[in-house]
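Reader: I'm new to this structure, and a whole model at once is a lot to take in. Pick one single part, take me through it slowly, and then show me how the rest fits around it.

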Amino acid sequence: MTDDVFIRIRGVQKADGGTPDEPLELMASGKHYLRNDSHYIRYEEFLEGFDRPNVNVVKFSSSRLEVIKNGVISANMVFEENRRNLSVYTTPFGPIRM
């Protein structure tokens with residue numbers, strides 16, 4: 001079963017060098033579905049200055065959250081309680097290790 005959803009993501013962008021924190025907010029429509037005991041939310045993100053959208057998937061279960069980005073920005077970030085994971089966030093300006 002697939003449901004239409006409205007996604008609202010709010011956060012803060014932090015930078016070194018004394019720059020004040022910058023609030024960020026993204027709103028988009030997308031799809032939610034359940035497969036193999038994991039929830040998926042898929043949505044497109046339109047980035048300023050680029051013609052094609054980024055396709056994003058947030059996959060989560062009771063013990064894990066995964067953010068997958070494909071397009072102008074690509075990444076596969078995994079978040080698990082009490083674990084450190086290394087990811088590469090690839091942008092048009094170069095990769096960022098996180």
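**A close look at one hairpin**

Author: Let's start with lysine 69, whose bridge partner in strand 6 is alanine 75. Before we go further, this is a predicted model, with residues numbered from 1 along each chain as its sequence is written. Local features need pLDDT of at least 70 and side-chain atom pairs count only at pLDDT 80 or more, while totals for chains, interfaces and linings use all residues, and side-chain values use heavy atoms, with hydrogens and water left out.

Strands here are DSSP runs of E with at least two residues, and helices are runs of H or I with at least four, all numbered from the N terminus. Another bridge takes you from glutamate 66 across to valine 78, again in strand 6. Altogether, six bridges link strand 5 with strand 6, and the two run antiparallel. That is plenty for a pair, as two strands pair once DSSP finds at least two bridges between them. On the sequence, look for strand 5 at 64-70 and strand 6 at 75-80. The two form a hairpin with four residues between them. In that turn sits glycine 71, with a positive phi of about 140 degrees.

Now go back to lysine 69 and look the other way. Opposite it stands asparagine 56, so to speak the next stop on our walk. Strand 4 (54-60) is joined to strand 5 by six bridges, and this pair too is antiparallel. Strands 4 and 5 also make a hairpin, with three residues between them.

From asparagine 56 you can hop to isoleucine 41, a residue of strand 3. Their C-alpha atoms are 8.1 Å apart, although the two residues are separated by 15 places along the chain. Isoleucine 41 is in contact (heavy atoms within 4.5 Å) with Val5, Ile7, Lys31, His32, Asn56, Val57, Val58 and Phe60, leaving aside its neighbours within four places in sequence.

Strand 3 covers residues 38-45, and serine 38 belongs to it. Is serine 38 buried or exposed? Its relative accessibility is 10%, so it counts as buried. The cut-offs are under 20% relative accessible area for buried, over 50% for exposed and partly exposed in between, using a 1.4 Å probe and protein chains only. Residues up to four places away aside, serine 38 touches Tyr33, Lys59, Phe60 and Ser61.

Just before that strand comes a residue worth a glance. Asparagine 36 is in the loop between strand 2 and strand 3. Its phi is positive, about 50 degrees, even though it is not a glycine. Most residues other than glycine have a negative phi. Asparagine 36 is also exposed, at 71% relative accessible area. Asparagine 82 tells a similar story: phi is near 60 degrees, a positive value in a residue other than glycine. This one is in the loop between strand 6 and strand 7, and it is exposed with a relative accessible area of 77%.

Time to step back to the sheet. Six strands make an open sheet in the order 1-2-3-4-5-6, with antiparallel pairing. At the edges are strand 1 and strand 6, each pairing on one side only. So where does lysine 69 turn up again? It is among the residues nearest the centre of the largest pocket, along with Leu24, Glu45, Met77 and Tyr89. A pocket is an open set of points on a 1 Å grid over the protein atoms alone, where a 1.4 Å probe fits and protein lies on both sides within 12 Å along at least five of seven lines; lining residues have an atom within 4 Å of a point.

The lining of this pocket holds 26 residues: 18 nonpolar, four polar and four charged. Nonpolar means Ala, Val, Leu, Ile, Met, Phe, Trp, Tyr, Cys or Pro, charged means Asp, Glu, Lys or Arg, and the others, Gly among them, are polar. Strands 1 to 7 each supply at least two lining residues, and strand 1 gives the most, with four.

Finally, the whole chain. It has zero helices and eight strands, and its C-alpha trace spans about 45 × 35 × 25 Å along the principal axes. Of its 98 residues, 28% are buried. Among contacts between residues at least 6 apart in sequence, 14% join residues at least 24 apart.
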